[in-house]
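Reader: I am new to reading protein models, and I would like to take one careful look at a single place where two helices pack against each other. Please tell me slowly what is found there, and then lead me outwards from that place to the rest of the chain.

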Amino acid sequence: MILLSALNRIALAAVTLFGVAVVVFVLLRVVPGDPIAMMISPGSTPEQIAQMRANYGLDGSILSQFWIWLKAILLGDFGTSISLRRNVLELLAERLPATLELAVAALVFAVLLGGAIAIIGTLVRRTFLEPVLDTVNGTILAVPDFVWALALISVFGVFFPVFPLSGRVDPSVQNDFFTYFYLIESLLTLRLSAIVDISSHMIMPVLALGLPLAAIIARVLKEALLEAMVQDYILLAKLKGKSNLRLIMQEALRNAIGPTVALTGVQFTFLIGGTVIVERIFAYPGIGNMAIDAVINRDLPLIQGLVLVFGALFILINLGVDLLVAAFNPRLRHA
């Protein structure tokens, strides 16, 4: 049943992605502005402008342009970037690993921190520490990720210059990699110097992205744990002499994790969207930073490719979350 549900979701995802492609393609063509006007040199003749417009497939109707673009996409051709004059697929392949590593690292940090706060909050319930912890968690939640980014730059980049302010890796180290997954490759090859350098560049962006998500996870997981702690099976386990920590870790957590996983998956998609601003602030070379440049330059092929990548990521994440929720919930797994 899970396999059948996954196949249905994949078919629905393909339809959704097609709809996203149609909407974005049309919107980019009807908004004011001409991308070719940003590329032509002074003194270009009308014939040269027309030739350039034809090279980028902008000389036909919207319907004909979409049909040409769709056929090319199905063949793996995402076109050529207008501003960077490079293949869009190559640009995405270079920048996407940076964003994925950053987003996953922020997610891991958020899950660990949020889970720890939720467990501690459950252990200290009905004590003077509970409102203190809730206040701190609420404060973290109220601050947006880009404000955290600016605050971290001010503290750890200006007043106490501990971490690098921008970039992903030191240029002297960058040429030694065979893939664009720098952190994963460094961990697999046990290159300690590269791991330290990459991690130092990632710490502030990861904190900026992960802190708001950690606060959300902590709040939801704590409520789920408190609800689970009053159930009969918890009372039975308590009569057997188990401590509160063991009750939470061994009994309550497995039942409270389901709704938390569902919410974390939804929030993770927002986290990936938040990389656009955070990457810009830290000059981090991911697809989020590249998306802003593409919009400024009205680079239609690159924007279309980026939107498809973001859409595919959101769909895959939601599909994975649904499967995880079903795996943690026996009633859904055997439905």
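Author: One term is needed before we begin: a crossing of two helices is called left-handed if the near helix is turned anticlockwise from the far one by less than a right angle, and right-handed if the turn is clockwise. Please also keep in mind that what you see is a predicted model.

The place I have chosen is where helix α5, residues 129-142, meets helix α9, residues 192-228. In general, two packed helices are described by the angle between their axes and the distance between the axes. For α5 and α9, the axes come within 8 Å and cross at roughly 140°. An angle has to be over 145 degrees to count as roughly antiparallel, and therefore α5 is described as oblique to α9. With the term from the beginning in hand, we can add that the crossing of α5 and α9 is left-handed.

If you now look at the side of each helix that faces its partner, you can pick out the residues that make the contact. From α5 they are Glu-130, Asp-134, Asn-137, Gly-138, Ile-140 and Leu-141, while α9 brings Leu-211, Pro-212, Ala-214, Ala-215, Ile-216, Ala-218, Arg-219 and Lys-222. Sorted by class, the contact of α5 with α9 has eight nonpolar residues, two polar ones and four charged ones.

Two of the residues in this contact, Glu-130 and Lys-222, deserve a slower look. They form a salt bridge with each other, in which the closest N and O atoms are 3.1 Å apart. Because Glu-130 lies in helix α5 and Lys-222 in helix α9, the pair ties together parts that are 92 residues apart in sequence. As for accessibility, Glu-130 is buried, and Lys-222 is buried as well.

Another residue of the contact, Ala-214 of α9, leads us to a further helix. Its C-alpha is 9.5 Å from the C-alpha of Ala-116, although the two residues are 98 apart in sequence. Ala-116 is found in helix α4, residues 88-123, and with a relative accessible area of 36% it is partly exposed.

Helix α9 can also be compared with helix α11, residues 244-281. The axes of α9 and α11 come within 8 Å and cross at roughly 150°, and the two helices are therefore roughly antiparallel to each other. Here α9 passes α11 in a right-handed crossing, whereas the crossing of α5 and α9 is left-handed. The residues of the contact between α9 and α11 divide into 19 nonpolar, five polar and no charged, so that no pair of charged residues is to be looked for within that contact.

Charged pairs do turn up elsewhere, since a search of the whole structure finds six salt bridges. One of them joins the side chains of Asp-293 and Arg-280, at 2.6 Å from N to O. Asp-293 sits in helix α12, residues 287-296, and Arg-280 in helix α11, and the two are 13 residues apart. Both partners can be described by their accessibility: Asp-293 is partly exposed, with a relative accessible area of 31%, and Arg-280 counts as partly exposed at 35%. Another salt bridge is formed by Arg-86 with Glu-94, with 2.4 Å between the closest N and O atoms. Arg-86 counts as partly exposed at 31% relative accessibility, and Glu-94 is partly exposed with 22%.

Beside Arg-86 in the numbering you will find Arg-85, which has a positive phi of about 55° although it is not a glycine. Arg-85 lies in the loop between α3 and α4, and at 52% relative accessibility it counts as exposed. Arg-298 likewise has a positive phi, of about 50°, without being a glycine, and its place is in the loop between α12 and α13. Arg-298, however, counts as buried, at 12% relative accessibility.

Stepping back to the whole protein chain, you can count 14 helices and zero strands. Of its 335 residues, 39% count as buried, and Glu-130 and Lys-222, with which our close look began in earnest, are buried residues too.

Methods
Residues numbered from 1 in each chain as written. Predicted model: local features only at pLDDT ≥ 70, side-chain atom pairs only at ≥ 80, totals over all residues. Heavy atoms only, no water. Axes fitted to C-alpha atoms, helices over the stretch in contact; angles between N-to-C directions. Helix = DSSP H or I, 4+ residues; strand = E, 2+ residues; numbered from the N terminus. Parallel < 35°, antiparallel > 145°, perpendicular 65-115°, else oblique. Contact = heavy atoms within 4.5 Å. Nonpolar A, V, L, I, M, F, W, Y, C, P; charged D, E, K, R; others polar. Salt bridge = Lys/Arg side-chain N within 4 Å of Asp/Glu carboxyl O. Buried < 20%, exposed > 50% of the residue type's maximum accessible area, 1.4 Å probe, protein only.
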